[in-house]
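Thanks for asking me to look over this structure with you. Please open the view below and keep it beside you as you read.

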Amino acid sequence: MTRPAKDFFAPLAVGAPAPLREIPARPSRAIHFFDPGNEKMAAKVPDMVGTVDVLLGNLEDAVKAENKEKSRQGLVDIGKSTDFGPTQFWTRINSLDSPWVLDDLTTLVPEIGDKLDVIMVPKVQGAEDIHYVDRLLAQLEARAGLTKPLQVHAILETARGVANIEEICAASPRMQGLSLGPADLAADRRMKTTRVGGGHPGYLVRQDPARDDLGVPQYDAQRTTYQQDLWHYTIARMVDACAMHGIYPYYGPFGDIKDTVACEDQFRNAFLLGCVGAWSLHPVQITIANKVFSPSVEDVAHARRVIAAMGDGTGAVMIDGKMEDDASVKQCRVMVALADALAAIDPELKEQYDRIEVADV
Ligand SMILES: CC(=O)SCCNC(=O)CCNC(=O)[C@H](O)C(C)(C)COP(=O)(O)OP(=O)(O)OC[C@H]1O[C@@H](n2cnc3c(N)ncnc32)[C@H](O)[C@@H]1OP(=O)(O)O
Ligand SMILES: CC(=O)C(=O)O
Ligand SMILES: [Mg+2]
């Protein structure tokens, strides 16, 4: 059961910071994963500040069991020694049923709670998981004297989590967003793919057979197939739940690091459906996400033209042979708001958007 409205924004521990009333819409095109216990990766982190919207120190899967403490300590060291400037600093803690998570939280909050923006919680099954983290964070924040509440991000990677998606989003004012966890989710659902995200050549639809002059189907004739997106349903569900609760949806990992083309396609599908970003597992994927999750200059120019032509935002106009009205101007405002937010942190994009504005609006 969720808390009554009058208690929803009350701190859950005496002395804990007041919960946020609204989750800030900070650009987060790429959530870049690194293992803080891997010296080579960790050494690269300070130079990545400013080149990526989110740097995430991962403590969960992909960190070997024997290295859990080392990675946790590495994260504390990085958090203390790095000035993150405009880049957000997140962590993914171990799962709530693991032997490591309690030490993760009781170490990270007092040591670097003032530096961390968001705590990503894996394998969230329902509101009860968020309630547990919510109360514990409040107690730890109060003890550490933090003035800013930590936000919580849940990975959607179990069938139960997907079934409980709305209650997860609504469980706490800390909820910042959701990511798709395609690997664990595939295993939990008993899907028959061994890929980490992305499509599958077997998941397709086939063109109807051609017919001969008598109308008899030619089943053996060449027929085009169209590969489909295995993740469409889950992403769409995630986008609706997040939009309804004022929080943010993200595509998760794309494991085929070398297939930059398919990664870009998968990220773009997520962008078009409403996701604000995706995970990057390797530096090469930061470039892809930054490109895909930034509106194109053409889209921004068109959106600005529509907004200018629509005046007070009511009625209908024709632009380049197409009808624009009260609804489409809202779509255009979404595009321009994102472009403005990105231009504020990305000088290269700002220059591109400014140039188009002068020439084409
Ligand atoms: C299903 C899930 O839960 S997904 C989330 C969990 N998984 C992860 O977090 C995986 C993170 N990424 C990685 O571990 C690595 O990128 C791997 C294992 C996939 C590939 O690593 P490598 O084989 O070393 O890749 P590659 O040789 O191309 O690396 C090139 C350089 O980039 C560095 N690098 C690779 N990945 C990263 C990263 N995520 N962050 C920073 N630097 C990185 C490497 O250390 C290497 O550095 P060097 O040039 O100084 O030697
Ligand atoms: C993202 C993640 O944790 C998964 O796909 O399982
Ligand atoms: Mg997982």
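Here are my notes, going from the overall fold to the annotated residues and the ligand.

1. A word of orientation: the model you are looking at is predicted. Some labels below come from an unreviewed UniProt entry, and I say so where they appear.

2. Let's begin with the barrel. Eight strands form a closed barrel in the order 1-2-3-4-5-6-9-10, and their pairing is parallel. On average, neighbouring strands of this sheet are turned by 25 degrees against each other, ignoring direction. As a reminder, strands of a sheet pair through backbone hydrogen bonds, in either a parallel or an antiparallel way.

3. For a close look at one pairing, find strand 6 (residues 175-180) and strand 9 (residues 248-251). These two run parallel and are joined by three bridges. If you want a place to start, take Leu178: its bridge partner in strand 9 is Pro249.

4. Next, the domain. The unreviewed UniProt entry annotates residues 33-195 as "domain: HpcH/HpaI aldolase/citrate lyase". This span is 44% helix and 17% strand, and its end C-alpha atoms lie 18 Å apart.

5. Which residues does the UniProt annotation "binding site" cover? They are Arg92 and Glu157, again from the unreviewed entry. The two span 66 residues in sequence, yet no two of their C-alpha atoms are more than 13.8 Å apart, so they gather at one spot.

6. Arg92 sits in strand 3 (residues 88-92). Is Arg92 buried or exposed? Arg92 has 25 C-beta neighbours inside 10 Å, and a residue with 20 or more is called buried, so Arg92 counts as buried. Leaving aside residues up to four places away in sequence, Arg92 touches Leu56, Asn58, Leu59, Glu60, Met120 and Pro122.

7. Glu157 belongs to the loop between strand 5 (151-156) and helix 5 (159-163). Glu157 is buried too, because 26 other C-beta atoms lie within 10 Å. With residues up to four places away again left out, its contacts are Pro122, Lys123, Gly181, Asp184, Leu185 and Asp188. Notice that Pro122 appears in the contacts of Arg92 and also in those of Glu157.

8. Finally, look around ligand 2. Its surroundings include Glu157 and Pro122, along with Asp61, Ile155, Gly181, Pro182, Ala183, Asp184, Gly252 and Pro253. Helix 7 (residues 182-189) gives the largest share of this shell, three residues. By type, the shell holds five nonpolar, two polar and three charged residues.

Terms used
Residues numbered from 1 in each chain as written. Chains lettered and ligands numbered in written order. Predicted model: local features only at pLDDT ≥ 70, side-chain atom pairs only at ≥ 80, totals over all residues. UniProt positions renumbered as here; feature names shortened; annotations may be inferred. Helix = DSSP H or I, 4+ residues; strand = E, 2+ residues; numbered from the N terminus. Buried ≥ 20, exposed ≤ 12 C-beta atoms within 10 Å, placed from the backbone. Contact = placed C-beta atoms within 7 Å. Near = placed C-beta within 6 Å. Nonpolar A, V, L, I, M, F, W, Y, C, P; charged D, E, K, R; others polar. Pairing = 2+ DSSP bridges. Axes fitted to C-alpha atoms, helices over the stretch in contact; angles between N-to-C directions.
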